[in-house]
Amino acid sequence: MLKLLCIGLLFVSYALSAQIDSVMVTAQLKERGGYAKLADRFNMSDSTLTIEDFKLIYYGYQTTPAYYSKDVEFKENLIKPLNRAGQYNQVLEVADSILLVNPVSIVAHFEKAFACARLGKTDLEAYHRKRYILLCNVIKTSGDGSALLRFNCNSTNDALEFISYKGFTAINDRKTDTGLIEFDLAKNKPKLLHLYFFIPNEAYTAPNLNPDSE
């Protein structure tokens, strides 16, 4: 019984430690001139940025006044159907409006890269594809997706996009007793059943189990 209690406490400890230390991140951002300056360097493809800078750029977004926007979430959900419908110019407009508020939206970078490729805008496609890959790699360094070493994401949509980047398909998700988000995976070659993430409470949107309800 004691062993089970210790294991349970260990899981809770890992879940709590998954949260971003906003005080420390804010201090580190201040040392680098603030979030806006660091994000501008990211947008300008500053080659002197380090992996630690990229982590601050992604997770530091959580410390900004713009975090978390339901309007951005709505637009991220809108942009994928627009791409599937071939509305590529409209995708560029929506993606730009997202990135103006959230420069580290993985969904916006991926979908804009896709639309640019279809429109023959090769330089712009490469620009956003590189940022999509870079931000996914930042998340990749945060853990391994297990309940003990969860991945850390800014939002539900970022987590879903990252799962796709990893080659999996999420079919459902829920919040566990430890505060982590457990994503069920569709059948896959590695035979993984779940991936675990830490997502801040305000940025986790649970699946709508009753889509026809008002």
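**Exercise 1. Find the volume of the largest pocket, then work out what lines it.**

Start with size: the largest pocket holds about 530 Å³. This is a predicted model, where local features need pLDDT of at least 70 and side-chain atom pairs count only at pLDDT 80 or more, while totals for chains, interfaces and linings use all residues. Residues are numbered from 1 along each chain as its sequence is written, and side-chain values use heavy atoms, with hydrogens and water left out.

A word on terms: on a 1 Å grid over the protein atoms alone, a pocket is an open set of points with protein on both sides within 12 Å along at least five of seven lines, whereas a cavity is a set where a 1.4 Å probe fits but cannot get out; lining residues have an atom within 4 Å of a point. Points are joined across faces, edges and corners, and a volume is the space filled by probe spheres set on them.

Next, the lining: 22 residues, with Asn77, Thr156, Asn157, Leu160 and Asp173 nearest the centre. Now sort by element (helices are DSSP runs of H or I with at least four residues, strands are E runs with at least two, numbered from the N terminus). α5, α9 and β2 each supply at least two lining residues, and α9 gives the most, with 6.

Last, chemistry: the lining splits into 9 nonpolar, 8 polar and 5 charged residues. Here Ala, Val, Leu, Ile, Met, Phe, Trp, Tyr, Cys and Pro count as nonpolar, Asp, Glu, Lys and Arg as charged, and the others, Gly among them, as polar.

**Exercise 2. Describe the largest cavity and the peptide bond between tyrosine 67 and tyrosine 68.**

Count first: there is 1 cavity of 30 Å³ or more. The largest cavity has about 70 Å³ of space. Its lining includes Tyr67, Tyr68, Glu76 and Asp158, and divides into 4 nonpolar, 4 polar and 2 charged residues.

Then look at the bond: tyrosine 67 and tyrosine 68 are joined by a cis peptide, omega about 5°. Tyrosine 68 sits in the loop between α4 and α5. For context, most peptide bonds are trans.

**Exercise 3. Place strand β3 (residues 181-185) among its partners and say how covered it is.**

Take pairing first (two strands pair if DSSP finds at least two bridges between them). β2 (residues 170-175) runs antiparallel to β3 over 5 bridges, with arginine 174 bridged to glutamate 182. The two make a hairpin with 5 residues between them, and glycine 179 in the turn has a positive phi of about 95°.

On to β4 (residues 194-198): 4 bridges join this strand to β3, again antiparallel, and phenylalanine 183 has leucine 195 as its bridge partner.

Finally, burial (under 20% relative accessible area is buried, over 50% exposed, in between partly exposed; 1.4 Å probe, protein chains only). In β3, 5 of 5 residues are buried: Ile181, Phe183 and Leu185 on one side, Glu182 and Asp184 on the other.

**Exercise 4. Is lysine 191 buried or exposed, and what is its phi?**

Locate lysine 191 first: the loop between β3 and β4. Phi is positive, about 65°, although lysine 191 is not a glycine. At 70% relative accessibility, lysine 191 counts as exposed.

Try serine 45 the same way. Serine 45 lies in the loop between α3 and α4, with a positive phi near 60°. Its relative accessibility is 44%, so serine 45 counts as partly exposed.
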